[in-house]
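Please open the model in your viewer and keep the sequence panel beside it, so that each selection can be followed in both. The tour goes from stop to stop, saying at each one what to select and what is found there.

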Amino acid sequence: MSIEKLYPEKVFHYFAEISKIPRASKKEKEISDWLVKFAKERKLKVIQDEHYNVIIKKKATEGYEDFSPLILQGHMDMVWEKNKDTEFDFSTQGIELVIDGDFLKANGTTLGADNGIAIAYALAILDSDDIKHPALEVVITTDEEDGMSGVANLDFDEFDGKTLINLDTEEYGEVYVSSAGGTRTETKFIFETKKIGNGCTPVSIEVKGLSGGHSGAEIHKNLGNSIKILSEVLYHLSKRYEMSLIHIDGGGKVNAIPREAVAEIAVKLDGDSIDEFKKLAELAFENILKDFKVSDKSPILAIEKIEEKNLGISLGDTLNIINFLHEVPNGVLEMSKHIEGLVETSINIGFISTEIVDGNVKIRIKSLARSMANDPLNKLVEEITDLTRKHDANIKIAASNPSWEYKEDSKIRELIAKSFKEITGNEPVIKAIHAGLECGVFTQNIKGADVVSIGPNIYGAHTPEERMDIKSVGETWEWLLKILENYNIKED
């Protein structure tokens, strides 16, 4: 069966169309221009700002003219991740869509359902002449996945409505009403290069075979963080051996739990064989997996001798960065005292890289801290800042977005729940999510904004295992249509 024959046909048609267009964070001009062209061809009012955010407006259908405009919102960028053995150029190739049983997937890469499905729903509604609806203000933002700079620079005076449905959550039948704020940090170490002494053995240590996952919505699942696990192995080895770090690299995006990380070191074996070194590293690896209660099925520690290297960093500098990585927190830090099972505060070390610049070794570490409230988030960032300075490094606060706090009296929440019960006979689940949604920026900038978030079932977002449940796409579509039909909200 072809993608465009799946139900609802028009939704999957547009999902297939946008999947042909490369759309990484901060590289959205092509998809943004495509959306503008779509709107102009249908004679809809369209606004494209200098950040490539797009707002498309459509007048109310008959009988809905007196209701408050409804804002439908999603983001156009996607996370670019692929399997190591997949030959694929995201910047020039469209996503290769694959139907796998009940799911839509991509061939060895991320699918981009996060958040391409929001665009597909919105375009299918805008392209229809027979769907009942109030005045619509569809806003598709840029750079949600890498800092939320798109929504942060949005002109909120362009909106007439105060009621918003965000289409960026991933569980059908669940209505999200609160989300975490987040702050991205970048720590930078600069060390002088040193010649590696005689008698050292160059070794590569790699952690791989991990599942990865969303660093907010899946942070509670004890998925292994390759950077943290690797740094803990190095920390344990440093208690027995003198080592000079040559290179360390891992992860890619701070909003994805890293699946692979590798370090090259020059180690003084002090009479031990390489096999004895491996045995100690493997023992440390096993204990770390137990201590962190890692849930991944097949973590791998790969150690091998490599060719001789001439330059690295000193023993002291090596210990400094290993100790920093040991001390820096990662994962779930606190659970909510009010909502069972909800993560309150967390941090994900998502990226580490090494480069030599002007004879110096520069190591960059990027993290994403999250919290359901702003005070704990600020305290966590202060802790990371103090730790960074303790280890003579520099820190940059790269981006920050506010938390989206629960609204006691919500007309759109009531309407969405009513609509869901009408088509299913069941009540939807009202939830909060420990992930960064753009909703908090809207509530901060539109006085009295009333916001909810819904979406179909999407699993493995931000990884090449990302897959979207085909049936739930249709169920969410029917839910959306019922919401539009039932819409009767007027501003107070």
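Begin by selecting K293, which sits in the loop between α6 and β16 (300-305). This is a predicted model, and in it K293 has a positive phi of about 50° although it is not a glycine. Is K293 buried or exposed? With a relative accessibility of 60%, K293 counts as exposed.

From this loop, step back into helix α6 (residues 274-291) and add helix α5 (residues 226-238) to the selection, since the axes of these two helices come within 9 Å and cross at roughly 130°. That angle makes α5 oblique to α6, and the crossing of the two is right-handed. To see where they meet, show the side chains of I229, E232, V233, H236 and L237 on α5, and on the α6 side those of F277, L280, A281, A284, F285, I288 and L289. Colouring this contact by residue class gives 10 nonpolar residues, 1 polar and 1 charged.

For comparison, select another helix pair, α2 (residues 29-41) and α3 (residues 113-126), whose axes are 11 Å apart and which pack at an angle of about 15°. The two helices are therefore roughly parallel to each other, and their crossing is left-handed. Here W34, L35 and F38 in α2 meet I119, L123 and L126 in α3, and the residues of this contact divide into 6 nonpolar, no polar and no charged.

While α3 is still selected, look at the peptide bond from D114 to N115, which is cis, with omega near 10°; N115 belongs to helix α3. A further cis peptide bond runs from Y7 to P8, with omega near -5°, and P8 lies in the segment before α1.

Continue from P8 into helix α1 (residues 9-19), where 8 of the 11 residues are buried, so that this helix is largely enclosed by the rest of the structure. The buried residues to pick out in α1 are V11, F12, Y14, F15, A16, E17, I18 and S19. What covers these residues includes α2 and α3, together with β4 (97-100), β5 (103-106), β25 (467-469) and α11 (470-486).

The next stop is the interior. In soluble globular proteins, nonpolar side chains tend to be buried together. The largest nonpolar core of this model has 68 residues, and those with the most contacts inside it are I117, I165, I416, I454 and M468. Which element gives the largest share of this core? The answer is α3, with 11 residues.

Centre the view on I454, one of the residues with the most contacts inside this core, and display its surroundings. Leaving aside residues up to four places away in sequence, I454 touches I165, N166, L167, D168, T169, E174, V175, I416, W479, L480 and I483. A second, separate core of 48 residues can be found by selecting I248, V294, I322 and I363, which are among its members.

Now move to M148, in the loop between β6 (136-141) and α4 (149-152). The phi of M148 is near 60°, a positive value in a residue other than glycine. M148 is buried, with a relative accessible area of 5%.

M148 leads on to N401, which touches it as well as A180, G181, G182, L377, G436 and L437, not counting residues up to four places away in sequence. The place of N401 is in strand β21 (residues 394-401), and at 11% relative accessibility N401 counts as buried.

Finish by following the contact from N401 to L377, which lies in helix α8 (residues 374-390). L377 has 2% relative accessibility and so counts as buried. Again with residues up to four places away in sequence left out, L377 touches G181, G182, T183, A369, R370, S371 and N401. As a last view, draw a distance between the C-alpha atoms of L377 and E465, which are 88 residues apart along the chain and separated by 30 Å.

How values were computed:
Residues numbered from 1 in each chain as written. Predicted model: local features only at pLDDT ≥ 70, side-chain atom pairs only at ≥ 80, totals over all residues. Heavy atoms only, no water. Axes fitted to C-alpha atoms, helices over the stretch in contact; angles between N-to-C directions. Helix = DSSP H or I, 4+ residues; strand = E, 2+ residues; numbered from the N terminus. Parallel < 35°, antiparallel > 145°, perpendicular 65-115°, else oblique. Left-handed = near helix turned anticlockwise from the far one by under 90°. Contact = heavy atoms within 4.5 Å. Nonpolar A, V, L, I, M, F, W, Y, C, P; charged D, E, K, R; others polar. Core = buried A, V, L, I, M, F, W, Y, C linked by side-chain atoms within 4.5 Å. Buried < 20%, exposed > 50% of the residue type's maximum accessible area, 1.4 Å probe, protein only.
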